[in-house]
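Please open the structure in your viewer and keep the selection panel at hand. The stops below say what to select next and what to look for there.

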Amino acid sequence: MPRDPVSLSPEAQLLLLSAALSPGDAALRDALRVGIDWEKLRALAEYEKATSVLLRQIAAVGPDVGDEGYQKLRQSATMSTIHMLQLELLLHQTTDILGREEIDVILLKGAGLGYTAFPSFADRPMGDLDVLVRPHHAERAWSLLQTHGWTSPEPHAKAERFSGHQHLPRLLREPGAFRLEIHDNVLPEEHPFRFSTDTFWARAERVAAKGRTFLVPHPTHQLWHVCVHFAWSHAMQWGGWRTLRDSAAIIQRGGFDWTDFIEFAGRTQAATCCFWTLRLARHLAGADVPDSVLVSLRPPKSEFIIERLERHFVSNLFPSEARCPSVWLTHWLWEAGISPRWSGHGTARPWQVSGRWMAGSAAPESDRPESDRMDGRDITRRLRKIGAGVAYLRRLGAARYQSH
Amino acid sequence: MSASSEGHGISTDSVVVATKDQVSSDLAGETVLLSMQSAMYYGLDEVGSRIWELVREPIRVSDIRDTIGREYDVERERCEADVLGFVRELAEKGLIEVTNGA
């Protein structure tokens, strides 16, 4: 667990603890003892959709339940749980509708993990539902669901308009602002991985839950998708809490085939994405990742460099003042970690594919691309920014880091 | 010998089980329930959550009474009245199925 204030606030550290499947009462008590700003914690937990899991973890060690902030966290967790129960019902309705039309569906991301890696659907909080259908079914599925209560904010959108996306225009359901994404691909078109969505279909597995049978990705593909989605699509800046917890949960199911996973990660040119995700999951969420796995996936960097890059990635997991102050530097450090050229990624970068990684990370004003804000005359501001970047790099070099 | 059977004909001999028309989740010692039929939410406290856990599989009401009485150290008659009242409420809300004379 990182303990230096350069890396994470006490609230962020407590939140990270809750990402572990069994954080241990003593560790939670220690984290609570340092003095928690409940308002800050709730805001952070809501941002990460972690309120219900966090509440369950800390309620077990008896926090000050009289605190108003704790009560607000409890309210938020209850709302989140209700949202998840509604989402589960909507998923059942959706798969029933598509099933009647013989449209096969694979539950992606949270929906799939809720019925495999976690004890229940509600135990894996998520913002929206993601389902994968075969490309020739995608438009039919999208239209069909709009006759069953789902609406598109862009009803006249043509599928071709979204040809670069891995999903059709998002569907919404009111009241409650529920969202559904119908994917015809697992990754956006411009991804740099040697990967075809057909692979997911070929090894998809059937699981029984709630009186139904669902198709879910093979565990190797689930973990691979978690890693690639976080390390590449979100450039390790968004969805960190869920990623760490998902990784730990998939591995903990038992019988995870690491040989298969390493082979698949290497063959698809995703080894470094998997390395960073799994290294963080092991250090921060106690995921049971063997040393040999990390050695196999590791980019060609010294431990000295790896450690400092890890501090940077940890500092950028959550929105905070400790985040890297420069977009350019953030990109540079990401490239240093993922090693896209060594990985065979060519020139493809996540920030060229999607603006969502930035929007989703709720980047502060100072994180916006310089070209958006500077007219070239603001030399003082530019120099100040360079200074902040240099100071950030110095902090990375100096900060102590202690693993979980 | 069964208790009086008011409300949904439920007695201590009745066998009850959670319907499939609901989803639920544990939340720090409490349970949040969503009924698919009524689209209503329900919150269960600690004891209610324990009973809900028991009715996930078919169970006789007398067995619920005995389990709750033992675990919470409640006098038998009072426990029976409370359990019957609670189970009837679940039945009225369509959250459990009841089988009599099984």
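Begin in chain A of this predicted model by selecting strand β3, residues 171-173, together with β4(A), and you will find the two paired in the antiparallel sense over three bridges. Within this pair, look for A:Leu171, which stands opposite A:Leu180 in β4(A).

Keep β4 of chain A, residues 178-183, selected and add strand β2 of chain A, residues 129-132; these two strands run parallel and are joined by four bridges. To locate one of the paired positions, select A:Leu132, whose bridge partner in β4(A) is A:His183.

Now leave the strands and select two helices of chain A, α9 (residues 219-233) and α11 (residues 258-267), which pack with their axes 10 Å apart and at an angle of about 50°. Because of that angle, α9(A) counts as oblique to α11(A). If you turn the view so that one helix lies in front of the other, the crossing to look for as α9(A) passes α11(A) is a right-handed one.

Which residues make this contact? On the side of α9(A), select A:Thr220, A:Leu223 and A:Trp224, and on the side of α11(A), select A:Asp260, A:Phe261, A:Phe264 and A:Ala265. Colouring this selection by class should show five nonpolar residues, one polar residue and one charged residue in the contact of α9(A) with α11(A).

Next, show both chains and select the contact between them, to which chain A gives 16 residues and chain B gives ten residues. On the side of chain A that touches chain B, look for α4 (51-59) and α5 (68-100), each of which supplies at least two residues. The largest share of that side of chain A comes from α5(A), with nine residues. Coloured by class, the side of chain A that touches chain B has eight nonpolar residues, six polar residues and two charged residues.

For the last stop, hide chain A and select the open sheet of three strands in chain B, where the order is β5-β1-β6 and the pairing is antiparallel. The edge strands here are β5 (59-60) and β6 (96-99) of chain B, each of which pairs on one side only. Then narrow the selection to strand β1 of chain B, residues 15-18, and β5(B), which pair in the antiparallel sense over two bridges. To finish, pick out B:Val15 and look across to B:Arg60, its bridge partner in β5(B).

Key. Residues are numbered from 1 along each chain as its sequence is written. Chains are lettered from A and ligands numbered from 1 in the order in which they are written. This is a predicted model: local features need pLDDT of at least 70, side-chain atom pairs count only at pLDDT 80 or more; totals for chains, interfaces and linings use all residues. Two residues are in contact if their C-beta atoms, placed from the backbone, lie within 7 Å. Ala, Val, Leu, Ile, Met, Phe, Trp, Tyr, Cys and Pro count as nonpolar, Asp, Glu, Lys and Arg as charged, and the others, Gly among them, as polar. Two strands pair if DSSP finds at least two bridges between them. Axes are lines fitted to C-alpha atoms, for helices over the stretch in contact, and angles run from 0 to 180 degrees between N-to-C directions. Angles under 35 degrees count as roughly parallel, over 145 as roughly antiparallel, 65 to 115 as roughly perpendicular and the rest as oblique. A crossing is left-handed if the near helix is turned anticlockwise from the far one by less than a right angle, and right-handed if clockwise.
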